[in-house]
Each structure stands twice: as structure tokens, then as C-alpha cells.
Amino acid sequence: MNLPVIIKFVIDLLAVLLLALGIKGLSKVKSARDANRLAAFAMSLSVVGLLSYYLGTSGIAIQSWIWIIIGSILGSLFGAILAKKVPMTSMPETVALFNGCGGMSSLLVALGVAIFPISGGQENFDFFKSLINEVSISVSIFVGAITFTGSIVAMAKLQGWLSTPGWTQSKVRHFVNIVFAVASLIAFFDLINGNTSSIWLLVIVSSLLGIGVTLPIGGADMPVVISLLNSYSGIAAAAAGFVVDSQLLIVAGAMVGAAGLILTQVMCKGMNRSLVSVLFGGSLSAQSTASSGSGEYTNITSCSVEECALTLEAANKVIIVPGYGLAVAQAQHTLREVTKKLEQNGIEVVYAIHPVAGRMPGHMNVLLAEADVPYEQLKEMDVVNPDFPATDVVLVLGANDVVNPQAKNDSSSPLYGMPVLDVQEARTVFVIKRGMSAGYSGIKNDLFDLPNTSMVFGDAKKVLNDLIGELKDLGVGEK
Amino acid sequence: MSFVSLLWVLLLGSLLGLELIGKVPPTLHTPLMSGANAISGITMLAALTLIVKAEGNVPLLIIGSVSLGFALFNVVGGFFVTDRMLAMFSRKPSNKK
């Protein structure tokens, strides 16, 4: 072994260690930020390791440097700009977009190697070796393409650019996807048989398969899909590692792939959905509109902002249940002003965070942290649920399915079994909502019919602004 | 590297990934996903290899460069956005005991 090889070996080993520590640290609140930086450092280190290896052995041509610089500047620049500019509310689709581009990168590498075999590597033709090469190229293209198109569809659906087409909810979609899958398999075997042009067929059908699999999935399940696609992009990276013969790529890709799978499973548990039903069950709302169109609301009490303010003023303990509607209205800062006033009056305020509040687990925590809500006021569901009976007022802001008592009481409900916040146990519940439309699941919310629930209709931000005015008139929070 | 040892690397890497995140508080799901996602942009190394080994083959250089661009978009954007999210948790000194 010569020096460049040894140096690269040591750097790669160090990079793997740091990446593992990074992923580990990201799963703890205290260490998460440093861990993220550590992982970023490990990635730069791995680039330095690779470049120094080539400088020390074959050398890097000027022409190669030019293309390296062009690619890295453009990619980094757009990535950094998007990361700085994007609002926190659109985090899920941003992650999806980044993820898709990672998949695209693996696809392109495999495609490049397939069309223009890298010289130098094949002194004597080895059947076994070329077979492995073809298999890894195919896997990299297949998984990379699915990751790319799947992520882009997920992003477009979350952005509202794409709706769920009707045909994707019928059985037809399984047939269509099976056709795509079989076609990919045919292209794969054709490729191994030495027919290089079938690589384009593989690119096309696996891209279509990515679209066909993601398109039927409803909005509420999208986070799970993004997490799964994230796992795929790791697998694509590992496959690309086989293509270019890089252990570092294989380890890092496998790590992300496996960790992503675990995370997907954790998310599914939080939403009481199985991975199989997410992937093949179609949109939840499409299933349920037929079965539980049962029942109109019979006992809706609506009330004014003024009444709400009066009740809040008299309360000792208030729990806020924020949901995605709050994020859409960008009302987290206004909400923070309301709770500040209440706190100044000696009222205890706590935020109850359902595991899937917002559109992604942990999304709501990020949004509230952005509005300067102290971390210790955010309570997780299991911690806060026993507190509801001793609570005077619950404010539900843009949350719906996560406070639906059906999930506990009605075994015929599609929501049955999903962990929910027991807000109905509180003395008074105010639900701030635009109208009577259903939540993501499209299911009637029994909470709204309960005698201790009052609806305050309006846009979350406007209602909260009015609430601030009313509280001011009552002299709350002014000493 | 022989194929068999690469398979070992794959196996051990996967096991490591399975072990790394056992209990994750829901708070961190989004940042963790985004951070892991940035790491999957490690394919940038494959893109670099492609460019270095292209030996003046311009179409291959372009494919490599585009691939590198996509990967770095993933990596740089992913880490920045994760940092932005995590900064919100640690900004206030009062939140740690």
C-alpha cells in the first residue's frame, strides 16, 4: 500500500465514524445541532479524502477541475439559497425536493457509467464482475429514479400543485403499477443479457413507477412517504457505491437507508397506520367518505371572540392544541402574543403537541420554537393527556383529527385506535376553525357536537388578533 | 475491494443504521429526517469519481457535473435547513436546565 491509499483509508474511516456519531446525536435534543454540524464536517472531510487520493495517484485533469467547480458551485448555491429562503411551514416539501435530487444524482452516476464504461478498471474481462456491475447499475437507476419522481410528486402534492386523481383510488392503480414493475424487471434482465439500450427503458418505467406509487397517497400519509423515500435515496447511494467501488458510499448509504426505515416505522406508529396500508391503501379520505358519511352535526355551539376572551380571563389553566391550520395561517407568532398576555395574568399555559401535529412529526415543535415559545411549555401527548380534566380552557387551533374522540369511542371509525388528545375532558373547549369542513381524514369530528365545545369561526390569525384586542379591553396582561 | 467484502460493508452499515436511532423524541423527527437526507447526498463522491475518471470524455464530464450539482444541492441545502430548524430549539438559553 502506498501513502495516498493509506491516507484515504484513514480519512474514510474517520468520516464513517463521524457520520455515525452525527446520526446518533441527531436523535437527542441536546446534541442535535452539533451532531448536524459534525455530519456536515464528515461529508466535507470525505470529499477532501477522495480528491487528495486522486491527486496523489492518477492526478486530476484541469478539465475535470472545471466541471467539478461548475457542478459544485451551482448545486451548493441553489441548495443554500433555497434552505435560507424557504418558510418553516413548507419544510416537508423542501425535504422531499432535496431528497429527490439525491436520488437523481445516484441515477445519473449509474447512467454515466453504463453509457461510458470507466476506463482502467477492466484489464481482463470477468463475467462475474461485469454481472455485479450491471446489477448495481440497475439497482442504482431503479431506486434512484423512484426516489426522484416519487419525491417530486410528494412535493407537488404537499404544495397543492397536484391533487389526487380519481382513477388512482380505484383498483386500476395496482394493475398499472404492476405493469411498470414487471417492465422494469424485463428491462433489467435485458440489460444483463447485454442489451445496453434497454437502460433507457429502465429509466423510464422506474420513473413512472415512482409516480404511480406516490400519486394515490393522501396528504396525511405524505410524511411517511417522504421518510420512506429518504430511506430509498440511501439505498440508491449504496448501490452507486457498488458501481464506483466505494466502501464509504456503501456504508453511508446503508446507514441512511436503515435509519430511514426505522424512522418511517416510528412515524407510522405515531399515526396508527401500518406501512402497508400507507403504501397500498390509497388516500384515507377516499376510503372513509363512503363509510362514515354517517351523521351531520346536530349540536354545534358557536360563540364570539368576546365570549372566548371572557372565559380565558377567568381560567387558571389553559392548554393550547395547535394544528396544521395554525401553521397555514402563519399565526404562531400571534398565538404567542395571546399566551404571553395570559401568562402575565398568572394563567398557566401549556401547548399540547400531538406526535403528528403539523404535517410531519416534530414540524409543530419547529414552528412554535420559531415563535419563541419556551421549550418546556411544549408537552407531548402522553404527558399532557392526564392534565385535561384539571384544565379550564382548551384552545384548539387548526387541529382536527388529533382531537377526535371517535378514535377512542367508535370502533367502526377509520380513526379508531389512533392516539388522540383527550381535550373533551376539559371544562371548556374552544375550537377555532374556518368552517365546518373535515380534517385530513375527511371524518366527522364528534368533539364539535359536545356540549362543552364552542366553535369560534374564522381564520386563525384574525381570530387571535381579535382575541388580543378583547383581552386588552379586559385589562388582561397589563399591569 | 472484492465483491464479498463490499457485501460485508453493506451488511454492517445497515446494522449500524438500524441500531443508531432507537428512541427518537417526536420533536426531532423532522430534523432527523432532513439531516439523514443530507447524508444520503454522499453520492457526490460517486459523481466526483466519475468526473475524475472521465478522461476528457465531455458527455461524461457533463453527466458527472450535473450529478454533482444535484448531490450538492441535496447536501448543502439539507444541512443548512436542518441547522435552521435545530437553531430554533437551542436559541433560548432558558430552555436547558
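Before I start, a word on how angles between helices are given here: each axis is a line fitted to the C-alpha atoms over the stretch in contact, and the angle runs from 0 to 180 degrees between the N-to-C directions. Please also keep in mind throughout that what we are looking at is a predicted model.

Let me begin with a pair of helices in chain A, namely α6, residues 172-192, and α7, residues 198-214, which pack with their axes 8 Å apart and at an angle of about 155 degrees. Because angles over 145 degrees count as roughly antiparallel, α6(A) is roughly antiparallel to α7(A). The crossing in which α6(A) passes α7(A) is left-handed. If you would like to find the contact on the screen, the residues of α6(A) that take part include A:F180, A:A187 and A:L191, and they meet a group in α7(A) that includes A:L202, A:V205 and A:L209. Sorted by class, this contact of α6(A) with α7(A) has 14 nonpolar, five polar and two charged residues.

Now compare a second pair in chain A, where the axes of helix α12, residues 305-314, and helix α18, residues 460-473, come within 9 Å and cross at roughly 60 degrees, which means that α12(A) is oblique to α18(A). Here α12(A) passes α18(A) in a right-handed crossing. On the α12(A) side the contact is made by A:V305, A:E306, A:C308 and A:A309, while α18(A) brings A:V463, A:D466, A:L467, A:E470 and A:L471. Those residues divide into six nonpolar, no polar and three charged.

Let us move on to the place where the two chains touch.

How many residues does the contact take from each chain? Chain A gives 100 residues and chain B gives 79. Several helices of chain A each supply at least two residues of this side, among them α1 (3-25), α2 (32-56) and α8 (222-244), but the largest share, 19 residues, comes from α9(A). The side of chain A that touches chain B divides into 61 nonpolar, 32 polar and seven charged residues.

Finally, the interior. The largest nonpolar core has 190 residues, and those that touch the most other members are A:A252, A:M255, A:V321 and A:V396. Its largest share, 18 residues, comes from helix α4, residues 58-90, of chain B. Take A:A252 as an example: leaving aside neighbours within four places in sequence, A:A252 is in contact with A:V16, A:L19 and A:A237, and also with B:I39 and B:I42.

Note on methods
Residues are numbered from 1 along each chain as its sequence is written. Chains are lettered from A and ligands numbered from 1 in the order in which they are written. This is a predicted model: local features need pLDDT of at least 70, side-chain atom pairs count only at pLDDT 80 or more; totals for chains, interfaces and linings use all residues. Helices (H or I, at least four residues) and strands (E, at least two) are DSSP runs, numbered from the N terminus. Angles under 35 degrees count as roughly parallel, over 145 as roughly antiparallel, 65 to 115 as roughly perpendicular and the rest as oblique. A crossing is left-handed if the near helix is turned anticlockwise from the far one by less than a right angle, and right-handed if clockwise. Two residues are in contact if their C-beta atoms, placed from the backbone, lie within 7 Å. Ala, Val, Leu, Ile, Met, Phe, Trp, Tyr, Cys and Pro count as nonpolar, Asp, Glu, Lys and Arg as charged, and the others, Gly among them, as polar. A nonpolar core is a set of buried Ala, Val, Leu, Ile, Met, Phe, Trp, Tyr and Cys residues joined through C-beta atoms within 7 Å. A residue is buried if 20 or more other C-beta atoms lie within 10 Å of its own, exposed if 12 or fewer, and partly exposed in between; C-beta atoms are placed from the backbone.
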